[in-house]
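Ready for a little practice in reading a protein structure? Keep the model open beside you and work through each exercise before you look at its solution.

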Amino acid sequence: MIYTLTLNPALDHIVRLEKVEAGETNRMDAESVSAGGKGINVSKILKNLGERSIALGYIAGFTGKEIERVLRDEDKILSDFILVKEGFTRINTKIKADVETEINGPGLTINEADRQELINKLEDVKNGDYLFLSGSIPDSLGNGFYAEIMELLKDKEVAIAVDTTGEALKLSLPYGPTLVKPNLRELEDFFGVTIEDPQQIEHYSKELQKMGAKNIIISMGGDGAYFLSSQGDGLFLAAPKGEVIDTVGSGDSMVAGFMYGLKNQYSPIEAFKLGVSCGSATAFSENLGTKDEIMAIYNKL
């Protein structure tokens, strides 16, 4: 089974209008509401590729129940969220106009009982399962929470993708995550450097590998991506050609595509190409990439 974990999910309210006039009453041309969060995006891409997953995480209040409903009724994705008694799941407003603006709500406060309930659920993860640890960690859980999960599972053969940054990423590396995927800016921040040439990208990817990561993808937006496999093979891949419409979820799509590839016996290099195809298909669409869109790009790489 594949599990995705989103500790800070959101109900995404997407608003479209031609131009925002600050200080005035603005009327939208269109709006939509969807279940958002990095792990949830992974589940959606896996669903598009024909792979089942269970979305885990925390929800609260009427917004949390709406996320559960949308995933069940509209996205057809299984979920097993923990319902937190206090507060409500954040609403993130994304204004798509002449200038794009995002207003993100605060995350939930997770108490010790809710924390332990999630740990108990994760104890059911079995040998051969896949787990995605995606996104930021609530302050109430601490930066070491992903590492705590990996400590729990260290004696099981579980393929774990870690898509986070900073201290949370650093603490997870000794547990040998199957994949980490910082973008170029996050890689610079992690090592406290400015990267100016491809050789530095290769160097710092190898440093991540020395710290424990098995496979590393460095996403570079319009400049493509770099991959360092667990066998030490490296590859720079140019960004596929296409009109970029919305990059939200592109990184999540890349992570999902790579792990899907590994699960389905793609070679690591081909899994990387599939990941890039998933990320690009999402960037070229108003929604997350469909299987047809993904494979059309993959077949040209």
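**Exercise 1.** With which residue does Lys 154 form a salt bridge? Find the partner, then describe how covered the two residues are.

*Solution.* Keep in mind that this is a predicted model.
- Step 1: The partner is Glu 151, and the closest N and O atoms are 2.9 Å apart. The cut-off for a salt bridge is 4 Å, so this pair qualifies.
- Step 2: Lys 154 has a relative accessible area of 48%, so Lys 154 is partly exposed.
- Step 3: Glu 151 is also partly exposed, because its relative accessibility is 33%.
- Step 4: Elsewhere, salt bridges with shared partners join Glu 66, Arg 69, Arg 72, Asp 73 and Glu 74 into one network.

**Exercise 2.** Which parts of the chain does the salt bridge between Asp 163 and Lys 38 link? Work out the location and the cover of each residue.

*Solution.*
- Step 1: The two side chains meet at 3.3 Å, N to O.
- Step 2: Asp 163 lies in strand β10 (residues 159-163), while Lys 38 belongs to helix α1 (residues 38-48). The two residues are 125 residues apart, so the pair links distant parts of the chain.
- Step 3: Asp 163 is buried because its relative accessible area is 7%. Lys 38, at 30%, counts as partly exposed.
- Step 4: For the whole model, the count comes to 17 salt bridges.

**Exercise 3.** Why does the pair Lys 96 and Asp 246 tie together separate parts of the sequence?

*Solution.*
- Step 1: The side chains of Lys 96 and Asp 246 meet in a salt bridge of 2.9 Å, N to O.
- Step 2: Lys 96 sits in strand β7, and Asp 246 sits in the loop between β14 (234-237) and α8 (250-263), so the bridge connects parts that are 150 residues apart in sequence.
- Step 3: Lys 96 counts as buried because its relative accessibility is 10%. Asp 246 is buried too, with 11%.

**Exercise 4.** In what order do the four strands of the open sheet lie? Then place helix α2 against the sheet.

*Solution.*
- Step 1: The order is β3-β2-β7-β8, with mixed pairing.
- Step 2: The edge strands are β3 (30-36) and β8 (101-103), each pairing on one side only. From one strand to the next, the twist averages 20°.
- Step 3: Look at β2 (residues 10-16) and β3: they pair in the antiparallel sense over seven bridges. Ala 10, for example, has Gly 36 in β3 as its bridge partner.
- Step 4: Helix α2 lies across β2, β3 and β7 (91-96), and runs at about 80° to β2.

**Exercise 5.** Buried or exposed: how do Phe 62 and Ser 280 count?

*Solution.*
- Step 1: Phe 62 is found in helix α2 (residues 61-74). The limit for exposed is over 50%. Phe 62 counts as exposed because its relative accessibility is 59%.
- Step 2: Together with Phe 88 and Ile 91, Phe 62 forms a nonpolar surface patch, with about 320 Å² of accessible area together.
- Step 3: Ser 280 has its place in helix α9 (residues 268-283). The limit for buried is under 20%. Ser 280 is buried because its relative accessible area is 10%.
- Step 4: Leaving aside residues up to four places away in sequence, Ser 280 touches Pro 240 and Ile 297.

Technical notes
Residues are numbered from 1 along each chain as its sequence is written. This is a predicted model: local features need pLDDT of at least 70, side-chain atom pairs count only at pLDDT 80 or more; totals for chains, interfaces and linings use all residues. Side-chain values use heavy atoms; hydrogens and water are left out. Patches are made of residues with over 30% relative accessible area and no salt bridge: like charges are joined within 9 Å, nonpolar side chains (Val, Leu, Ile, Met, Phe, Trp, Tyr) within 5 Å. Accessible areas come from the Shrake-Rupley method with a 1.4 Å probe; for residues, only the protein chains shown count as cover. Buried means under 20% relative accessible area, exposed over 50%, partly exposed in between (1.4 Å probe, protein chains only). Two strands pair if DSSP finds at least two bridges between them. Axes are lines fitted to C-alpha atoms, for helices over the stretch in contact, and angles run from 0 to 180 degrees between N-to-C directions. Contact means heavy atoms within 4.5 Å.
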